[in-house]
There are 2 protein chains.
Amino acid sequence: TLAAPAIAQSNPKVTWRLASSFPKSLDTIYGGAEVFSKMVSEATDGNFEVQVFAAGEIVPGLQAADAAASGTVEAAHTVSYYYWGKDPTWALGAAVPFALNARGMNAWQYHGGGIDLFNEFLATQGLIGFPGGNTGVQMGGWFRKEINTVADMKGLKMRIGGFAGKVVEKLGVVPQQIAGGDIYPALEKGTIDAAEWVGPYDDAKLGFQKVAPFYYYPGWWEGGPTVHLLFNKAKFEELPKNYQSLVRTAAQAEDANMLQKYDYLNPAAIKQLVANGAQLRPFSQEILAACFDAANEVYAEITASNANFKKIWDSIVAFRKEYYLNMQIAEYNYDTFMMVQQRGGKL
Amino acid sequence: TLAAPAIAQSNPKVTWRLASSFPKSLDTIYGGAEVFSKMVSEATDGNFEVQVFAAGEIVPGLQAADAAASGTVEAAHTVSYYYWGKDPTWALGAAVPFALNARGMNAWQYHGGGIDLFNEFLATQGLIGFPGGNTGVQMGGWFRKEINTVADMKGLKMRIGGFAGKVVEKLGVVPQQIAGGDIYPALEKGTIDAAEWVGPYDDAKLGFQKVAPFYYYPGWWEGGPTVHLLFNKAKFEELPKNYQSLVRTAAQAEDANMLQKYDYLNPAAIKQLVANGAQLRPFSQEILAACFDAANEVYAEITASNANFKKIWDSIVAFRKEYYLNMQIAEYNYDTFMMVQQRGGKL
């Protein structure tokens with residue numbers, strides 16, 4: 001008989017398809033899936049291939065998770081709040097108003113049980129997922145006119161994501177769902193008054209400052225949005241253990257890498273935007289406080305009736321309080337000093 | 001002839017030794033190397049083993065990089081500023097006073113050319129390295145008496161790391177080099193007046209608040225210190241390409257993981273420290289400004305004569321200015337609002 005090789009082949013050939021929710025033009029967020037795919041391929045000498053398809057190539061961007069759940073593809077790279085309409089619990093894996101910033105979200109996910117809690121929920125959808133990117137605090141978006149008071153928000157037609165839309169509705173905003181490519185003409189014609197997209201680097205590509213020059217911050221509904229790598233649960237469990245572990249490691253690396261890329265690219269982009277006519281405006285404290293109260297009303301409504309949501313939200317809230325206590329000590333004071341130097345032209 | 005297996009074995013057996021600069025008691029920072037080792041081992045079905053040795057097991061903690069450079073071990077997990085006495089350029093891979101915070105450091109390293117720049121220098125030492133952990137902004141340390149003015153710093157005997165020691169010397173501080181385990185008795189006896197260690201979670205284990213209750217912040221000399229995974233360059237280059245890639249991916253994942261762990265553990269630790277008698281004190285603006293000026297004097301002196309240092313420092317400084325401009329827009333305003341809510345008991 002022929003002797004088997006002494007060491008079993010541990011990198012079997014596996015080819016997966018991944019549906020991204022993003023267009024290729026977003027090299028940051030679409031690019032995250034390519035970074036993940038490259039890490040997995042290189043570590044296995046090309047034996048584990050994850051083919052990345054942009055939004056629309058296999059399924060529309062907002063159906064990426066469904067495609068992975070049904071097995072049309074094995075994987076998706078998406079933001080889980082896109083699916084909040086099925087169940088608002090989906091949004092908690094990504095970002096909800098006035099939750100954790102990027103570092104807090106990662107700390108809660110990786111060490112506070114967040115990944116496991118969200119996977120308990122995802123399992124009911126036939127999925128398993130890991131954080132696979134973060135944009136940092138997003139911007140509050142582009143406004144045709146300045147808004148200073150809560151009264152200015154009444155009747156405002158704003159392109160804003162689903163769950164946040166539910167919050168601003170309480171203040172009289174009329175949320176609009178518009179695909180990325182249709183925002184510019186809608187702002188130009190005045191069909192809408194405002195639109196949020198991502199942050200400086202991604203926004204700069206779309207030229208919004210020409211039609212809606214007031215660029216508000218912060219995007220309080222996305223303090224540290226997690227982009228997810230979602231996998232068909234049965235397909236993931238069929239993977240050899242070494243591939244499962246590699247997927248988790250590469251996801252954690254790619255998760256970090258996306259934020260690192262944004263943090264490197266956004267500074268130059270914000271300067272370019274201002275040079276091109278963007279006018280930076282902070283949301284007033286009155287507006288932020290009203291939005292915070294409105295968000296808390298929404299949380300009270302949902303937790304009263306949705307046990308899945310409540311379980312995860314309670315975990316985030318418990319950590320949020322402690323996290324923001326600690327962050328105002330060393331981190332905040334260091335950053336404040338450095339920012340004062342920057343404004344003083346001393347850096 | 002015997003046919004070769006159709007697919008070449010891509011996970012050959014490799015066993016490496018890694019010298020950590022840290023004792024096992026620091027589960028955060030020592031634990032980072034174990035996390036890295038587990039990632040690499042699992043992804044290769046146990047074929048690529050990195051055995052982690054605590055400080056003192058093979059070489060003393062502060063000789064970990066030398067052991068990797070000479071080939072005594074293949075790898076080290078260490079902080080590159082420990083070796084600044086050989087050449088201050090070493091410190092730039094880790095942290096120097098008033099440089100970038102953790103997110104900024106990672107952005108510069110992964111997307112601003114920082115990793116390549118530091119590896120140009122490490123190559124001259126026989127090493128190649130990747131970021132393998134970050135603690136976030138450290139605390140300013142434990143003081144037996146309050147210090148409010150620059151005059152209060154004169155003659156102060158403080159246990160403080162090498163490069164930062166060079167800066168505070170300009171203000172009359174007498175820097176002391178004392179191993180971690182010897183700090184407590186030195187503070188208790190009054191042989192030293194102050195000591196910096198790491199941050200809330202690690203510091204809480206040593207009970208400093210009993211002998212030096214004033215806990216100052218921020219640790220302006222360590223805004224976002226990078227812990228490095230360093231490898232013997234020749235040994236790294238002998239690895240198969242898939243292992244080289246896996247090392248980079250696992251390092252990036254572990255780099256993120258350490259900060260995530262600190263960010264999760266520090267909040268509970270700071271509350272415990274305060275409950276146990278620690279008294280939080282911010283460094284006064286007078287002291288911070290004087291330290292900032294002293295640091296700039298040191299940078300001017302070194303860059304005048306050290307081209308390696310100048311090349312890397314110029315790259316950090318160029319990014320630092322842009323980074324801290326951008327961070328004061330969405331990130332700072334979001335965090336500030338959340339901290340105000342925390343202080344108001346609304347989170």
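Q: A salt bridge is a side-chain nitrogen of Lys or Arg lying within 4 Å of a carboxyl oxygen of Asp or Glu; how many salt bridges does a search of the whole structure find over all chains?
A: In this predicted model, the search of the whole structure finds 30 salt bridges over all chains.

Q: What makes A:Lys261 and A:Asp27 a salt bridge?
A: The closest N and O atoms of A:Lys261 and A:Asp27 are 3.4 Å apart, and the cut-off is 4 Å, so the pair qualifies as a salt bridge. A:Lys261 belongs to helix H11 (residues 241-275) of chain A, while A:Asp27 sits in the loop between strand E1 (14-20) and helix H1 (29-43) of chain A, so the pair ties together parts that are 234 residues apart in sequence.

Q: Why are A:Lys261 and A:Asp27 described by the class of accessibility that they are given?
A: Partly exposed covers the range between the buried limit of under 20% and the exposed limit of over 50%. A:Lys261 has a relative accessible area of 22% and is therefore partly exposed, and A:Asp27, at 25%, is likewise counted as partly exposed.

Q: How do you know that A:Asp66 and A:Lys86 form a salt bridge, and which parts of chain A does the pair tie together?
A: Their closest N and O atoms are 2.3 Å apart, which is within the 4 Å allowed, so the pair counts as a salt bridge. A:Asp66 is in helix H2 (residues 64-70) of chain A and A:Lys86 is in the loop between strand E3 (75-78) and helix H3 (89-92) of chain A, so the parts that are tied together lie 20 residues apart in sequence. A:Asp66 has 29% relative accessibility and counts as partly exposed.

Q: Where do B:Glu237 and B:Lys233 lie, and what makes the pair a salt bridge?
A: Both residues lie in helix H9 (residues 233-238) of chain B, 4 residues apart, which is about one turn of the helix. An α-helix has 3.6 residues a turn, so residues three or four places apart point the same way. The N to O distance between the side chains of B:Glu237 and B:Lys233 is 2.8 Å, and this falls within 4 Å, so the name salt bridge applies. B:Glu237, with a relative accessible area of 48%, is partly exposed, and B:Lys233, with 27%, is partly exposed. Elsewhere, salt bridges that share partners join A:Asp27, A:Lys205 and A:Lys261 into one network.

Q: Why is A:Glu196 called buried, and which residue's side chain shares a polar contact with that of A:Glu196?
A: The relative accessible area of A:Glu196 is 3%, and buried means under 20%, so A:Glu196 is buried. This residue is found in the loop between strand E8 (194-195) and helix H9 (200-204) of chain A. Its side chain is joined to that of A:Trp221 by a polar contact of 3.1 Å, a distance within the 3.5 Å limit. Leaving aside neighbours within four places in sequence, the residues in contact with A:Glu196 include A:Gln138, A:Met158, A:Arg159 and A:Glu222.

Q: How do you know that helix H4 (residues 102-111) of chain B is largely enclosed by the rest of the structure?
A: Of the 10 residues of the helix, 9 are buried, so the helix is largely enclosed. Among the buried residues are B:Ala102, B:Met105, B:Trp108 and B:Tyr110. H4(B) is followed by B:Gly113, whose phi is positive, near 85°.

Q: What makes the two copies related as by a two-fold rotation axis?
A: Chain B is superposed on chain A by a rotation of 180° with 0.0 Å of shift along the axis, at an RMSD of 0.0 Å, and the two copies are thus related as by a two-fold rotation axis. In chain B, the C-alpha nearest the axis belongs to B:Ala253, 2.0 Å from it. The same surface serves both copies, as 100% of the contact residues of chain B recur in chain A.

Q: What joins chain B to chain A, in salt bridges and in polar contacts?
A: The count between the two chains is 4 salt bridges, one of them between B:Asp263 and A:Arg103, with the closest N and O atoms 2.8 Å apart. A further count gives 32 residue pairs in polar contact between chain B and chain A. On the side of chain B that touches chain A, the largest share, 20 residues, comes from H10(B), and the residues of that side divide into 42 nonpolar, 26 polar and 15 charged. The area buried between the chains is about 7,800 Å², of which carbon and sulfur atoms give 63%.

Definitions and conventions:
Residues are numbered from 1 along each chain as its sequence is written. Chains are lettered from A and ligands numbered from 1 in the order in which they are written. This is a predicted model: local features need pLDDT of at least 70, side-chain atom pairs count only at pLDDT 80 or more; totals for chains, interfaces and linings use all residues. Side-chain values use heavy atoms; hydrogens and water are left out. Buried means under 20% relative accessible area, exposed over 50%, partly exposed in between (1.4 Å probe, protein chains only). Helices (H or I, at least four residues) and strands (E, at least two) are DSSP runs, numbered from the N terminus. Copies are superposed by least squares on the C-alpha atoms of residues with pLDDT of at least 70 in both. Contact means heavy atoms within 4.5 Å. Buried area is the accessible area (1.4 Å probe) that two parts lose on being put together, summed over both. A polar contact is a pair of N or O atoms within 3.5 Å; within protein, one must be able to donate a hydrogen and the other to accept it, and residues adjacent in sequence count only if both atoms are side-chain atoms. Ala, Val, Leu, Ile, Met, Phe, Trp, Tyr, Cys and Pro count as nonpolar, Asp, Glu, Lys and Arg as charged, and the others, Gly among them, as polar.
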